[in-house]
Amino acid sequence: MSKAFTKEDSGGDDVVVPPRPRSESGEKRYITPEGYRALQEELVATQGPDVGAEGLTPMEADARRKERERRAQQLAATLEEVRVVEADASQAGRVFFGAWVELEDEDGARTRYRIVGPDEADVKSGRLSVESPLARALLGKEVGETVLVERPRGSVEYTVEAVDYTAR
């Protein structure tokens with residue numbers, strides 16, 4: 001039987017996880033100061049004692065250790081690849097990276113997002129990647145302006161209701 005179809009362990013525990021690819025333009029990926037701190041804190045926690053490993057079988061504990069090591073490598077690589085971007089007071093009133101944007105859709109529903117880097121994006125938490133279609137459409141817009149965004153379920157129009165750069 002070909003070795004490709006067997007479940008032998010090659011013995012290579014050193015798995016190198018490359019960082020996420022650079023953005024389309026080849027530039028470093030942007031991140032907010034809060035996002036950078038969160039990744040640093042996660043890296044420290046990942047490298048610290050594993051308090052959740054108690055009661056695991058040796059095989060489960062080994063798998064968990066490897067996963068923590070993989071995540072630590074990934075975080076360290078990401079922290080080297082990103083560029084921290086501070087809010088600029090001159091941007092007030094316009095949507096740029098790091099802005100909190102309140103939007104109203106055509107049905108009157110309001111949502112609030114922060115435009116962040118792809119490494120810290122989490123739509124459910126209100127953090128929208130600057131690389132997303134909605135964020136791209138919003139960049140440079142002011143309060144009162146509208147954007148039309150194409151989605152799989154059809155296009156939707158949003159009106160910019162508020163823009164601010166204060167940390168929340």
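User: Looking at this predicted model, what share of the contacts with a separation of 6 or more comes from residues 24 or more positions apart?

Analyst: Take just the contacts whose partners have a separation of 6 or more. Among these, the part that joins residues 24 or more positions apart comes to 56%.

User: Okay, and in what order do the helices and strands run from the N terminus on?

Analyst: You have three helices and seven strands to place. Start at the N terminus with a strand, and the whole run reads β-α-α-β-β-β-β-α-β-β.

User: Which strands sit at the edges of the open sheet of five strands?

Analyst: Let's write out the order of that sheet, which has mixed pairing: E5-E4-E3-E7-E6. An edge strand pairs on one side only. That description fits strand E5 (127-129) and strand E6 (146-149).

User: By how many degrees are neighbouring strands of this sheet turned against each other on average?

Analyst: For this one you ignore the direction of the strands and just look at the turn between neighbours. On average it comes to 45 degrees.

User: Let's zoom in on E3 and E4. Which residue in their turn has a positive phi?

Analyst: Strand E3 covers residues 100-105 and strand E4 covers residues 110-116, and they pair in the antiparallel sense over five bridges. Together they form a hairpin, with four residues between them. In that turn, the residue with a positive phi, about 90 degrees, is Gly 108.

User: What is the bridge partner of Leu 103 in E4?

Analyst: Glu 102 has its bridge partner in E4 too, and that one is Arg 112. For Leu 103, the partner in E4 is Thr 111.

User: E3 also pairs with E7, so to speak, on another front. Over how many bridges?

Analyst: Strand E7 takes in residues 156-164, and its pairing with E3 is antiparallel. One example is Trp 100, whose bridge partner in E7 is Asp 164. The count for E3 and E7 is six bridges.

User: Is Leu 134 buried or exposed?

Analyst: Leu 134 lies in helix H3, residues 133-138. Its relative accessibility is 10%, and the cut-off for buried is under 20%. Because 10% falls under that cut-off, Leu 134 counts as buried.

User: Which residues does Leu 134 touch, not counting residues up to four places away in sequence?

Analyst: With those sequence neighbours set aside, you can read off the partners of Leu 134. They are Leu 103, Tyr 113, Leu 128, Val 147, Val 149 and Tyr 158.

User: Which element gives the most residues to the largest nonpolar core?

Analyst: This core has 19 residues, and Val 101, Leu 103, Ile 115, Leu 134 and Leu 138 touch the most other members. The elements giving two or more residues to this core are E3, E4, H3, E6 and E7. With four residues, the one that gives the most is E7.

User: How many residues are in the second, separate core?

Analyst: Look away from the largest core and you'll find Ile 31, Leu 75, Leu 79 and Val 82, which are among the members of this other one. The second core has seven residues.

User: Last one: what percentage of the residues of the protein count as buried?

Analyst: The protein has 168 residues in total. Of these, the share that counts as buried is 30%.

Conventions
Residues numbered from 1 in each chain as written. Predicted model: local features only at pLDDT ≥ 70, side-chain atom pairs only at ≥ 80, totals over all residues. Heavy atoms only, no water. Buried < 20%, exposed > 50% of the residue type's maximum accessible area, 1.4 Å probe, protein only. Contact = heavy atoms within 4.5 Å. Pairing = 2+ DSSP bridges. Axes fitted to C-alpha atoms, helices over the stretch in contact; angles between N-to-C directions. Core = buried A, V, L, I, M, F, W, Y, C linked by side-chain atoms within 4.5 Å.
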